[in-house]
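Trainee: Could we go through this structure together? I would like to learn how each label is earned.
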Amino acid sequence: MRRGAICKCPACGEGSAFAGYLRVTPVCAACGTKIDDLHADDAPTYFTISLVGHIVVPLMLMLERGYAPPIWVHMVLWLPLIMILTLALLRPIKGATLGLLWAHNGPR
């Protein structure tokens, strides 16, 4: 999972696991492992939403309880933060999911 989280091939840790932002490379350039056989489906999205929610919601509630700012302050703060965290975490979480799938299915 660690190799996948840094967006490297889950088998060797050398080649890139991704051909684009989220598109998985068909075969690792370093070791030849078929990575596109691993189907993460909706799991990375679910894990990302859960993690971002666990980060943002407590912060949002602390701000609301402590200062009770107007709604526009919440919009200006939380919408960009949610977007940035989601985009920053989705790829490493998908890579870690690919690593878990590779470890569970074994080398091919």
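Mentor: Gladly! Let's start with a definition: buried means under 20% relative accessible area, exposed over 50%, and partly exposed in between (1.4 Å probe, protein chains only). This is a predicted model, where local features need pLDDT of at least 70, side-chain atom pairs count only at pLDDT 80 or more, and totals for chains, interfaces and linings use all residues. Residues are numbered from 1 along each chain as its sequence is written, and side-chain values use heavy atoms, with hydrogens and water left out.

Trainee: Why is Lys34 called partly exposed?

Mentor: Its relative accessible area is 42%, and partly exposed covers values between 20% and 50%, so Lys34 fits that label. Asp36, at 30%, is partly exposed too.

Trainee: What makes the pair Lys34 and Asp36 a salt bridge?

Mentor: A salt bridge needs a side-chain nitrogen of Lys or Arg within 4 Å of a carboxyl oxygen of Asp or Glu. The side chains of Lys34 and Asp36 meet at 3.8 Å, N to O, so the pair qualifies. Side chains of opposite charge can pair when their charged atoms come close. Searching the whole structure turns up one salt bridge.

Trainee: Why is Thr48 called buried?

Mentor: Thr48 has a relative accessible area of 1%, and the limit is under 20%, so buried is the right word. Thr48 sits in helix α2, residues 43-67; helices are DSSP runs (H or I, at least four residues), numbered from the N terminus. Contact means heavy atoms within 4.5 Å, and Thr48 touches Thr86, Leu89, Leu90 and Ile93, leaving aside residues up to four places away in sequence.

Trainee: Which other residues of α2 are buried?

Mentor: Pro44, Val52, Val56 and Leu63 are among them. The cover over the buried residues of α2 includes α3.

Trainee: How do you know that the length of helix α3 agrees with what is expected?

Mentor: The expected span is 1.5 Å times one less than the number of residues. For the 35 residues of α3 (residues 71-105) that gives 51 Å, and the end C-alpha atoms are 48 Å apart, so the two agree. Along α3, a kink of about 30° lies at Leu90, shortly before the proline Pro92; the bend is the angle between axes fitted to the seven residues ending there and the seven starting there.

Trainee: What makes Val76 exposed?

Mentor: Val76, which belongs to helix α3, has a relative accessible area of 53%. Exposed means over 50%, so Val76 earns the label.

Technical notes
Helices (H or I, at least four residues) and strands (E, at least two) are DSSP runs, numbered from the N terminus.
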